[in-house]
Amino acid sequence: MKAIGYTQSLPVTNVESLIDFEMPQPTATGRDLLVKVKAIAVNPADWKVRLYMPPAEGETKVIGWDAVGEVIATGDEVTNFKAGDIVYYAGDITRPGSNAEFQLVDERIVGNKPKSLSDAEAAALPLTAITAYEILFEHLQIAKQSPDTKTKSDEVILVTGAAGGVGSILVQLAKAITGATVIGTASRESSAEWVKNLGADYIVDHTKPLTAQIEALGIGAVTHVASLNSTDSYFESYTEVLAPFGKIAMIDDPESLDITKLKMKSLSLHWEFMFARSMFNAADMIEQSRLLNHVADLIDQGHIKTTLGQHMGTINAENLRAAHASLEEGRAIGKIVLEGF
């Protein structure tokens with residue numbers, strides 16, 4: 001089968017950083033599904049793994065953690081899916097990824113693809129949807145409500161990096177199934193417009209001091225922060241704008257944080273890593289399947305839309321290198337998707 005991978009960690013400008021090659025088609029056993037990949041999305045995790053996690057000597061590593069595809073075969077312990085089902089998922093960072101024609105994935109981290117979306121539109125969602133959902137409802141413990149409920153809560157969420165992949169779905173989830181007020185950060189006119197269209201109640205510029213901008217809104221203290229990039233740069237501002245017993249959830253990798261600044265307000269800090277469940281075979285792995293199905297329902301009911309920002313063509317090494325390069329620049333709006341081999 002066709003696949004794209006790498007034999008050594010190289011800058012994306014090097015044509016050998018991602019290469020087209022052939023590899024054997026895997027076989028489904030146990031709780032695995034064998035999926036024929038139709039569309040994929042590219043995430044910051046892709047280029048970071050490519051650059052900082054070289055394969056073992058003599059191996060070609062296949063990455064990629066967003067996919068839509070058709071179930072071709074199932075292992076003998078599979079109970080939730082059958083051949084012919086169209087599914088979407090983010091996969092497992094410890095296993096070969098979605099940059100290949102066929103992929104094995106545990107059924108407990110797979111959801112049914114939203115029926116109202118194309119393959120490319122749906123491929124934009126799994127990793128970021130899982131990340132955003134876990135941030136909101138497991139780490140920050142925002143109160144969840146029915147999308148038909150219009151009751152406002154006292155919760156105020158600050159979302160830094162709201163125009164990115166995770167931010168784009170997190171803002172929508174917060175508006176669709178919570179009563180919280182959402183403040184999104186964006187610096188460019190295009191990204192601010194994107195965040196506004198996703199439903200953010202307020203937008204502030206993260207290139208300027210956050211505290212004064214948030215105080216000027218006159219809506220009271222922030223109760224929760226979803227820190228999606230540059231946590232070390234904004235950390236002190238978080239401690240200033242948060243109410244006592246506020247919560248911060250982050251996804252990036254700051255070199256250092258002075259957590260003593262959390263003590264006076266009794267603030268809490270949470271680290272979201274959506275691969276934790278699959279990496280450690282957690283007892284509740286099935287929760288990722290359930291949340292993906294919930295997100296699919298919200299999409300099909302019209303409460304959430306795809307976060308696809310750019311379609312970069314077919315799935316091959318040249319197009320994937322271009323996608324990685326765009327993400328490394330850090331200026332992508334929404335998600336980058338590729339489709340078909």
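**Entry 1. Nonpolar surface**

I began with the surface and found a nonpolar patch of about 330 Å², made by F273, M279 and F280. The model I am reading is a predicted one. I then looked up the place of F273, which is the loop between β13 (268-271) and α8 (276-279). I noted a relative accessibility of 41% for F273, and therefore entered this residue as partly exposed.

**Entry 2. Helix packing**

I next examined helix α3 (residues 126-139) against helix α4 (residues 165-177). Their axes lie 8 Å apart, and the helices pack at an angle of about 50°. I therefore recorded α3 and α4 as oblique to each other. I also noted the hand of the crossing: α3 passes α4 in a right-handed sense.

**Entry 3. Salt bridges**

I looked up the number of salt bridges, taking a side-chain nitrogen of Lys or Arg within 4 Å of a carboxyl oxygen of Asp or Glu as the criterion. By this rule I have twelve salt bridges. I followed three of the pairs in detail.

My opening pair was R31 with E107, whose side chains meet in a salt bridge at 3.0 Å, N to O. This pair links distant parts of the chain, 76 residues apart: R31 sits in the loop between β2 (19-22) and β3 (32-42), and E107 in the loop between β6 (102-106) and β7 (110-112). I asked whether E107 is buried or exposed. E107 counts as buried because its relative accessibility is 0%. R31 has a relative accessible area of 26%, so I entered R31 as partly exposed.

I then turned to E138 and R277, which form a salt bridge with their closest N and O atoms 3.0 Å apart. Here too distant parts of the chain are linked, since E138 belongs to helix α3 and R277 to helix α8, 139 residues apart. The accessibility of E138 is 37% in relative terms, so E138 is partly exposed. R277, at 10% relative accessibility, is therefore buried.

I also checked which residues are joined to this pair in a network. E134, E138, R277 and D284 are linked in a network of salt bridges.

The last pair I followed was D201 with K175, where the side chains meet in a salt bridge of 2.9 Å, N to O. D201 lies in the loop between α5 (189-198) and β10 (202-204), whereas K175 lies in helix α4, so the pair ties together parts that are 26 residues apart in sequence. I found D201 partly exposed, because its relative accessible area is 33%. I found K175 partly exposed as well, because its relative accessibility is 29%.

**Entry 4. Backbone with positive phi**

I turned to the backbone angles, with the background that most residues other than glycine have a negative phi. F245 is not a glycine, yet I read a positive phi of about 65° for this residue. I located F245 in strand β12 (residues 242-250). F245 has a relative accessible area of 63%, which means that this residue is exposed.

N281 gave me another positive value in a residue other than glycine, with phi near 50°. I placed N281 in the loop between α8 and α9 (286-300). With a relative accessible area of 48%, N281 is therefore partly exposed.

**Entry 5. Distances between C-alpha atoms**

I looked up how many ångströms separate G161 and T185 in space. The C-alpha atoms of G161 and T185 are 5.8 Å apart, while the two residues are 24 residues apart in sequence. G161 belongs to the loop between β8 (156-160) and α4. The relative accessibility of G161 is 12%, so I entered G161 as buried.

I also took the distance between H224 and E107. These residues are 117 residues apart in sequence and 32 Å apart in space, C-alpha to C-alpha. H224 is found in strand β11 (residues 222-227). I recorded H224 as buried because its relative accessible area is 8%. E107, the partner of R31 in a salt bridge, had already been entered as buried at 0% relative accessibility.

Terms used
Residues are numbered from 1 along each chain as its sequence is written. This is a predicted model: local features need pLDDT of at least 70, side-chain atom pairs count only at pLDDT 80 or more; totals for chains, interfaces and linings use all residues. Side-chain values use heavy atoms; hydrogens and water are left out. Patches are made of residues with over 30% relative accessible area and no salt bridge: like charges are joined within 9 Å, nonpolar side chains (Val, Leu, Ile, Met, Phe, Trp, Tyr) within 5 Å. Accessible areas come from the Shrake-Rupley method with a 1.4 Å probe; for residues, only the protein chains shown count as cover. Helices (H or I, at least four residues) and strands (E, at least two) are DSSP runs, numbered from the N terminus. Buried means under 20% relative accessible area, exposed over 50%, partly exposed in between (1.4 Å probe, protein chains only). Axes are lines fitted to C-alpha atoms, for helices over the stretch in contact, and angles run from 0 to 180 degrees between N-to-C directions. Angles under 35 degrees count as roughly parallel, over 145 as roughly antiparallel, 65 to 115 as roughly perpendicular and the rest as oblique. A crossing is left-handed if the near helix is turned anticlockwise from the far one by less than a right angle, and right-handed if clockwise.
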